[in-house]
Amino acid sequence: MEKKRVVVGMSGGVDSSLTAALLKEEGYDVVGVTMRLADESRDLEENDRGCCSLSAVQDARRVCEIIGIPHYVMDFKALFREKVIDYFLADYARGRTPNPCIACNRYVKFEGLLSRAMELGASYVATGHYARIEQDARSGRWLLKKGVDGQKDQSYALYHLNQHSLTHFLMPLGRHTKTETRAMAERLQLPVAQKPDSQEICFVPRDDYKAYLREKEPACLQPGEIVDLSGRVLGHHEGVPLYTIGQRKGLGIAAGRPLYVVRLDTQRRQVIVGGAEDVFSRGLIAGDLNWIAIDALQEPMDVMAKVRYGKKEGAARIIPRPQGRVEVSFEEPQRAVTPGQSVVFYRGDIVVGGGVIEQPLP
Amino acid sequence: MRQVYLDYAATTPPDPRVTACVAESIPALFGNPSSIHSFGRSARGAVEKARRDVANLLGARPEEIFFTSGGSESDNWAIKGMAFALRAAGRPCGIVTTAIEHPAVLQTCAWLVQQGFSVQYLPVDAEGVVSLENLAAAVDETTGIVSVMFANNEVGTIEPIAEIAAFCQVRGIFFHTDAVQAAGHLPIDVQALGIDALSLSGHKFYAIKGIGALYLRSGFSLDALVHGGAQERGMRAGTENVPAIVGLGCAAALAATELKEEARRLRALRERIAAGVLALGESWLNGPNDSVHCLPGHLNFGFRGIRQDVLLMRLDLADFAVSAGSACSAGALTPSHVLLALGQDERKAGTALRVTLGRFTTAVEVDAFLTALREIVTDLRRIRK
C-alpha cells in the first residue's frame with residue numbers, strides 16, 4: 001500500500017522538527033515545508049529569530065536532512081501581508097489589540113498551507129502544536145482538545161479550526177509534554193533540541209510594536225487626552241494605539257493611587273484610566289465565532305472561558321445573541337478583557353469554540 | 001525507473017570520459033605546472049593541451065583562453081576588468097547589457113553603478129530576443145562595453161550575437177558575451193562572430209564544477225584578477241587547478257566532435273516534450289516560437305493556474321528533477337526576472353517550468369516524464385475544482 005503523504009510545516013524549532021521525525025517513524029511519507037512569510041529585508045536585522053527567518057530555514061533544512069525527508073520553502077508573503085500584517089495595523093488603528101499569531105494560524109499556517117499541501121498530493125498537514133485532534137466515537141464529530149501538557153497547551157490559538165480542517169490536520173505533540181519533546185528530540189539527535197521557544201511577533205523588529213506602528217501606520221497615532229472615568233483630563237498621550245488595557249506603567253501621570261488603562265476610545269482619541277478595580281469586567285460580547293464541539297450555540301451553556309493566551313480560564317455562561325454574537329457572563333470578574341483578543345470556551349479538555357472580543361461588559 | 005534528471009541547464013552530470021581524465025590526472029599530474037622539472041613540465045603540458053582544446057571549441061587561439069573558476073568569475077572579470085581599464089584610460093566606459101542576463105552579469109553591473117559607472121539594460125521582446133534597434137538606441141558616445149548573453153539560461157533564446165558583435169566592432173565598443181549555456185552546445189566561432197570576450201563554465205557541458213574560462217581576444221587587456229604569480233600570463237595568479245583544467249579540456253574536445261549530432265538528437269526529444277505539454281491543453285511554451293532560435297535541449301513552459309513551485313515539488317517527489325523561476329535567499333521560488341522581462345505578469349511568470357535535456361537523456365526518460373507530468377497536471381486540475 002502506498003504511504004500517506006503528510007506535509008509538516010517546519011519552523012526550524014524543536015516542536016515542528018520532532019513532529020516531522022515522529023511521523024516519519026510512524027511510516028508516513030513526510031515532506032517538510034518552511035513557509036516564507038515576512039520580507040527578506042528582515043533577514044538583515046540583528047534580531048533574526050522569527051519563525052520564518054533565514055536561519056529558521058537553515059535549521060529546518062538541516063533537520064530534514066537528518067530525518068531523511070525532502071524539504072521545500074514556499075512563498076506565502078502576499079497572503080501573510082494581507083491576512084496578518086494589514087489586519088494587525090488596522091486593528092491597532094481602531095483601538096483594538098490584535099493577536100497576529102491567531103490570524104497567522106488561521107489564514108496562513110492552516111488554510112494557506114492546507115491548500116498548498118493538497119496540491120502537493122498530501123492527505124494531511126501536521127504541525128507541532130500542543131493540542132489534540134480526536135474524533136468523537138458516538139457523534140463522529142471531530143474535536144479539538146487541550147494538549148496533555150497544561151503549561152504548553154496551545155488549543156487557545158487553534159479555536160478557528162473547523163470540521164473540514166480538523167480531518168486533515170495531525171498534531172502528534174498534543175500527547176506529549178514539552179519536556180518529553182525535548183528529550184525525544186535529544187534522543188533523535190535533532191540539532192534544535194535545546195533551541196529556545198520563540199515568543200515575539202515575528203514581523204515586528206525587537207518585539208517593539210510601538211516603533212513598528214510609528215513606522216508603518218503613523219496616521220493612527222494622533223495625540224489626545226488621558227481622562228478618568230468621569231471624563232476629567234489627567235494628562236496627554238501620543239496615540240491611543242500605544243496603550244493596552246490593564247497597562248499601569250508609562251502613563252506619565254502623578255496621582256494619589258495607581259492608575260490603569262481601562263478603555264481605549266479612538267473616536268475621541270481618549271485613553272480612559274481608572275483604579276485597579278475598574279479593569280475588571282463581569283462579561284463581554286464576542287463576534288467572529290467558530291464552533292467546534294457544537295454546530296451552533298442555541299441556548300446558554302456553562303463553560304470555562306479564556307480571554308487571553310497564557311491566562312487562566314474562568315467559569316462563565318455563554319449566551320447566544322443576535323447577529324452572530326455571543327455574550328459571555330463570568331462567574332468571577334475577569335481582569336483586562338481586551339477588544340481584539342480572542343475568547344475561547346472549554347468544557348473540560350474540549351474546545352467548544354471561540355471568537356473575537358468586541359467589547360467588555362462592566 | 002529511478003530518478004530522472006532533466007535540469008542540465010543548472011549543471012550537467014560529468015561525462016564518464018571526463019571523470020576518467022580527471023581521476024587519472026590527480027595522481028599522474030600532481031606536479032606544479034610552474035616547476036622546471038619533469039613533474040612540472042608534464043602538468044604544464046596537460047594544462048596547455050586543455051587550453052588548445054578549449055580554444056579549438058571556440059575558434060580562438062590558445063593564448064586567448066584564461067582558465068577561471070567558472071562562468072560567474074569570467075563574467076565578473078571581463079566586465080569589471082574592462083570597465084576599470086577603460087575608465088583609467090579616460091575612454092568611454094558606459095555599459096549596455098540586457099534585462100535577461102544571468103545574475104553574475106546583472107549584479108556585477110549593479111555593483112559597477114555603485115562605483116560610478118553608467119549601465120543601461122536593453123529590453124527584449126516576448127520571445128526573449130534583443131533587437132538591434134534597441135541596442136542602437138541605447139548606445140552612445142559614452143558606451144564602452146556591451147554585454148549580451150549568447151543564449152538565455154531560462155527560456156533558451158539564442159541572441160543575434162553576430163549582428164550585435166558587428167555593430168560593436170564598427171563602433172570600437174568592447175563586446176562580451178556570457179556563453180555559459182551555449183558553449184559546448186552550439187557551434188561558436190569567436191573569430192567569425194567577432195566576439196571580444198566570452199565566458200564559459202565547465203560544469204554546463206559535462207566537465208566538473210569549479211572550472212571555467214574567459215576568452216579574451218588578443219589585443220585587449222584587463223587588469224590582473226589575482227596578483228601573485230605568472231600563471232595565466234600573469235592575469236590570474238595561483239597554482240593551476242590541473243585536474244579540473246584537464247577535465248575541461250577533455251569536455252571541450254568531446255563537445256567539439258559530438259556537438260552537432262547531439263544537438264540534432266536533443267532537438268527531437270525537446271519537440272516530443274513540447275508536443276506532450278501542448279497536448280495537455282491550457283498550456284504554452286515560453287521563449288522562441290521557432291525552435292531553431294532555442295538551445296537544443298531547452299524547454300520552458302507553463303500551465304494556466306498551476307503554480308511553478310507546486311509542479312516542481314510534485315515532480316521532485318515523483319523523482320523527476322526540473323527547475324523553475326528563481327529562488328530567493330531562503331530558497332522559495334519567485335517569478336523569474338527573465339519571464340517578467342518577456343512581458344509576462346507575475347501570475348503567468350509564476351507558472352513557468354524549465355526542462356533541460358542533455359547527453360544522457362533518453363527517449364524512455366522523456367516518455368516517463370510526460371506520463372508523470374500528465375498525471376500530476378490532471379490531479380492538480382482536479383484539486384483546484
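Let me start with chain B, which in this predicted model has 12 helices and 15 strands. Its radius of gyration is 21 Å, close to the 21 Å that the globule rule gives for 385 residues, so chain B is as compact as a globular protein of that length. If you turn the C-alpha trace of chain B onto its principal axes, the spans come out at about 70 × 50 × 40 Å. Buried residues account for 51% of the 385 residues in chain B, and, among the contacts in chain B between residues at least 6 apart in sequence, 71% join residues at least 24 apart.

Now to a pair of helices in that chain. Helix α8 of chain B, residues 242-279, and helix α12 of chain B, residues 363-384, have axes that come within 10 Å and cross at roughly 15 degrees. Since angles under 35 degrees count as roughly parallel, that crossing makes α8(B) roughly parallel to α12(B). The crossing of these two helices, α8(B) and α12(B), is right-handed. On the α8(B) side the contact is made by L269(B), R272(B), I273(B) and G276(B), while α12(B) brings A363(B), V366(B) and L370(B) to it. Sorted by class, the residues of this contact between α8(B) and α12(B) are five nonpolar, one polar and one charged.

Helix α12 comes up again when we turn to the other chain. In the model, 16 residues of chain B are in contact with 16 residues of chain A. Which elements of chain B give two or more residues to the side that touches chain A? They are α9, residues 308-317, then β14, residues 333-334, and α12 of chain B. The largest share of that side, six residues, comes from α9(B). As for the classes, the side of chain B that touches chain A has nine nonpolar, three polar and four charged residues.

Let me stay with α9(B) for a moment, because this helix is mostly covered, with eight of its 10 residues buried. The buried residues in α9(B) are Q308(B), D309(B), V310(B), L311(B), L312(B), M313(B), R314(B) and L315(B). Just after α9(B) you will find D319(B), which takes a positive phi of about 75 degrees.

That brings me to two glutamates of chain B that are worth looking at on the screen. E232(B) has a positive phi of about 45 degrees although it is not a glycine, and E282(B) likewise has a positive phi of about 45 degrees without being a glycine. E232(B) sits in the loop between β8, residues 212-216, and α8 of chain B, whereas E282(B) sits in the loop between α8 and β9, residues 283-286, of chain B. Are these two residues buried or exposed? E232(B) is buried, with 21 other C-beta atoms within 10 Å, but E282(B) is exposed, with 12 other C-beta atoms within 10 Å.

I will finish in chain A, with P362(A), which lies in the segment after β17, residues 350-361, of chain A. P362(A) is exposed, with 11 other C-beta atoms within 10 Å. Leaving aside its neighbours within four places in sequence, P362(A) is in contact with S281(A) and R282(A). The second of these, R282(A), is 80 residues from P362(A) along the chain, and yet the C-alpha atoms of P362(A) and R282(A) are separated by 5.6 Å.

Terms used:
Residues are numbered from 1 along each chain as its sequence is written. Chains are lettered from A and ligands numbered from 1 in the order in which they are written. This is a predicted model: local features need pLDDT of at least 70, side-chain atom pairs count only at pLDDT 80 or more; totals for chains, interfaces and linings use all residues. Axes are lines fitted to C-alpha atoms, for helices over the stretch in contact, and angles run from 0 to 180 degrees between N-to-C directions. Helices (H or I, at least four residues) and strands (E, at least two) are DSSP runs, numbered from the N terminus. Angles under 35 degrees count as roughly parallel, over 145 as roughly antiparallel, 65 to 115 as roughly perpendicular and the rest as oblique. A crossing is left-handed if the near helix is turned anticlockwise from the far one by less than a right angle, and right-handed if clockwise. Two residues are in contact if their C-beta atoms, placed from the backbone, lie within 7 Å. Ala, Val, Leu, Ile, Met, Phe, Trp, Tyr, Cys and Pro count as nonpolar, Asp, Glu, Lys and Arg as charged, and the others, Gly among them, as polar. The radius of gyration is taken over C-alpha atoms; the globule rule is 2.2 Å times the number of residues to the power 0.38. A residue is buried if 20 or more other C-beta atoms lie within 10 Å of its own, exposed if 12 or fewer, and partly exposed in between; C-beta atoms are placed from the backbone.
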